[in-house]
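Student: I'd like a close look at one part of this model. Pick a single assembly, take it piece by piece, and then show me what else is worth checking by eye.

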Amino acid sequence: MKKGSRVKAFFTRKKRACFVMAFFVSAQVASGAAVSGGAVYTDALGSLRSYKDSPVITGYFSYRGASSSKDKRERFFYSDGYFKESATVYDEHLATMSMCLAGAAMSSYEGAQIDYPTKSVNARELLDRIGCTDICVNSDFMVKPGEDTIGVCLGRKMINIDGEEYTLIPIGIRGAGYEKEWIGNMKVGSEGDSAGFRTACDRAKETVDAYIKKLNIDTTKTKFWIVGFSRAAAVTDMLTAALTDAYDPTGANVYGYSFATPQAAYNKTRSYPNSHCTINTSDAVPRVVPAYMGFSHYGDDVYLDDVSPGFKSYRVSVEYAVDMGSLTIPQNLVFSETDTYPNQSVFLDRLIDALQGAVSPDRQSFSTRKIEDGETFEQILAKLLKFMMTSDSKHVEEVALAVSGFQDRLGVDGLLKLSDMVNAVEEGINTVEKPEREELYATTWQWFRPGLESTLTKDEFEKLGKMWESLNYILFEIAHYDYVHSGREGFALIGTLMKNMSLIGGAHNPEKYFDLVKSKDNFYMNEIGAPVEKTEDVFRIGEASDVDAVVYADGKPVAAIRGGRTSAAHDGSVCTKRLSDKGSDLKAAYEGILYENLNPDNERAVTMDAGTDYKVVLIARERGEDVEFQKWIDESGTELSQSETFEMAVNHGHAQFEMVKPVYRTVPKPTPSPGPASAPEPEQKPGGIPGWIYMVAGGIAAGGAVGGIYAKKRINKRKRDNLH
């Protein structure tokens, strides 16, 4: 090989070696960073439970239960994977999670009936724990409820479904603790959808539209998730239809899950299979606005059978009678079991038939006809249902016992009047003249007043007194219907109603619905024991949006944190949350409709079980080319580490540091040093030859020219020498 060729080969090999070495070093650096940060997080995430390729977050939340006067605790399992399939496909895991959010959206017991901004705290906490941002409530959730108000809490979360980014908007509708809104439940109206529910739906839709406008959300890449219980369930069903019509006619991205859903749609023209209306077959509330009037759900019904024991069918009859000349006076009302109604669902169907046949044959009579110049049937029914569904079962049972034992206080005059009442039941109250009816109503008030006054609250007693005549008319008509259909052997409808009042109310409890949906969800099958009470904050993360973390227990990952928010968790007591959120930080955010925390800090608390030892690996996230991680510091500013990953022990609720925070710095851009003035370098055009190549080529050309001149002189000299 010639010398020039050897030199050329040497430089070629050296150039390749330098390139390979540079690539190897850069790969090692990148790999090292991944091992210390990204790979740690990714590996941990792969070890935690997932659903349809998306991590699962297990945690606890609070909701307003019916069996106590303080918020209760329950587990939740959340995954972005719930929204992978079309909304028209029912998902039992999403159903349970929807019940969780519906429960959290109920008005909290916190703040009593004074501090209304605290009422949405449970919903806001749950949305925060599943990774939502921009959490807002509407103005109705900030004030004392009225007849037509509706509380709405919503947020947003970016989710990845099969490589595509979507904005998920969870929408929780307030479904309990809504005070005067019970009146709105029974505003059926004379035409169209049930008026009270339609008004509430329109207000909720206004809230959602304002949220979309405020955040400039692209609705073509949005998934809506709407949930509600009881009154909020009817609104959820209607709002699901409204958002489908407005933003996604296919319904594939509008997920509606409602529970104990009243029928609010009137003579609907189409169905919405993306709205899943879950109904306990023993619950009376979904039947409140009856189907015989033309009402139904917009969505599809999902029935859950309540198989818990307790319901029994009874008939009430007279044990014996006293013959007083021309009068035969019944005494000693007794209840005996019967097989007339095999279960509570069948009984409720027959009760609706009685209401239709005896009191309210059509929509107009239900909503507009005043009974005994007093209130309409829908107004009376609203008040009775409010009492049954918002009182605890013990209170309802006490009132029922007081009512059923009235015969012990009849007396001689009462016995005589009882005979007149029996005649009114047999013939129908309409056959009795108005003055005589009023006398009968006054008599029943004297009979029942002592028991009612001793068991009802003052407010309940006063309201009942005002509608006593109208209520008595309804009861006489139902008793007449029962007499005609049950015969003289006993009043099965009345007897069963009186003996099962607490069960009828209990079938509507949120606790009952939780039990029913959880029984279909295998995520809950291995869960034992009661949910933990709220765990204490163990430490805080500063600049939390720049921090990922993995939490280990017994050497295994139990939770992962992404950008300061829980992204996966097996241990429900491990989560990140806002430091404080009781409602006092909520301020008007948009056109008087939306309220939110306008100045949320970037510091978040981490809660953990005080009875467990944990290891927490904190990972500083990359900010970009112009910013680099510098160090970790504690609350006092003391440097803890300069490594991008920092490990900290948490022993039985005691962390090594109260607060850990990453510190970054801006990378200064190199400034060119001033040198001697020189001609500007040739401008490199896109895709052209780099400037240094021109310089080298120029140098070679200049060298070649000089060499050529020198060679020419030597040749000329040789020619001259040869001539001589």
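Tutor: Start with one rule: two strands count as paired if DSSP finds at least two bridges between them. Keep in mind that this is a predicted model.

First, the setting. The protein has 18 helices and 28 strands. Of its 724 residues, 49% are buried. Take the contacts with a separation of 6 or more: 72% of them join residues 24 or more positions apart.

Now the part to look at, an open sheet. Nine strands build it, in the order β12-β10-β8-β7-β6-β5-β4-β21-β20, with mixed pairing. Its edges are β12 (299–304) and β20 (586–590), each paired on one side only. On average, neighbouring strands are turned by 25° against each other, direction ignored.

Go to β6 and β7. β6 covers residues 164–173 and β7 covers residues 222–229; six bridges pair them in the parallel sense. To find the register, locate Ile 169, whose bridge partner in β7 is Phe 224.

Next, the helices on the sheet. Helix α3 (residues 121–129) touches β4 (133–138), β5 (152–161), β6 and β20. The direction of α3 makes about 10° with that of β5. Helix α6 (residues 231–247) also packs on the sheet, touching β6, β7, β8 (254–259), β10 (272–280) and β12. The direction of α6 makes about 160° with that of β7. So β6 is touched by α3 and by α6.

Move on to β8, β10 and β12. β8 and β10 run parallel, joined by four bridges. Ser 258 stands opposite Cys 277 in β10. β10 and β12 also run parallel, with six bridges between them. Here His 276 has Asp 300 in β12 as its bridge partner. β10 is mostly covered, with eight of its nine residues buried.

When you trace side chains, remember one general point: in a regular strand they alternate between the two faces of the sheet.

Now the other edge. Glu 591 lies in the loop between β20 and β21 (594–597). Its phi is positive, about 50°, although Glu 591 is not a glycine. Most residues other than glycine have a negative phi. Glu 591 is exposed, with a relative accessible area of 58%. A second residue of this kind is Lys 52, with phi near 55°. Lys 52 sits in the loop between β1 (50–51) and β2 (54–63). At 30% relative accessible area, Lys 52 is partly exposed.

Finish with three helix pairs. Packed helices are described by the angle and the distance between their axes.

Take α2 (residues 92–104) and α17 (residues 510–518): the angle is about 165°, and the axes are 9 Å apart. That makes the two roughly antiparallel. α2 passes α17 in a left-handed crossing. From α2 come Thr 96, Met 99 and Cys 100; they meet Pro 510, Tyr 513, Phe 514, Val 517 and Lys 518 in α17. By class, this contact has six nonpolar, one polar and one charged residues.

Next, α12 (residues 434–455) and α13 (residues 458–466). Their axes come within 11 Å and cross at roughly 165°. These two are therefore roughly antiparallel as well. Here the crossing is right-handed. Trp 445, Arg 449, Leu 452 and Glu 453 in α12 meet Phe 461, Leu 464 and Gly 465 in α13. The classes are four nonpolar, one polar and two charged.

Last, α14 (residues 468–486) and α15 (residues 492–499). Their axes come within 7 Å and cross at roughly 120°. The pair is therefore oblique. α14 contributes Ile 478, Ala 479, Asp 482 and Ser 486, while α15 contributes Ala 492, Leu 493 and Ile 494. This contact divides into five nonpolar, one polar and one charged.

Technical notes: Residues are numbered from 1 along each chain as its sequence is written. This is a predicted model: local features need pLDDT of at least 70, side-chain atom pairs count only at pLDDT 80 or more; totals for chains, interfaces and linings use all residues. Side-chain values use heavy atoms; hydrogens and water are left out. Axes are lines fitted to C-alpha atoms, for helices over the stretch in contact, and angles run from 0 to 180 degrees between N-to-C directions. Angles under 35 degrees count as roughly parallel, over 145 as roughly antiparallel, 65 to 115 as roughly perpendicular and the rest as oblique. A crossing is left-handed if the near helix is turned anticlockwise from the far one by less than a right angle, and right-handed if clockwise. Contact means heavy atoms within 4.5 Å. Ala, Val, Leu, Ile, Met, Phe, Trp, Tyr, Cys and Pro count as nonpolar, Asp, Glu, Lys and Arg as charged, and the others, Gly among them, as polar. Buried means under 20% relative accessible area, exposed over 50%, partly exposed in between (1.4 Å probe, protein chains only).
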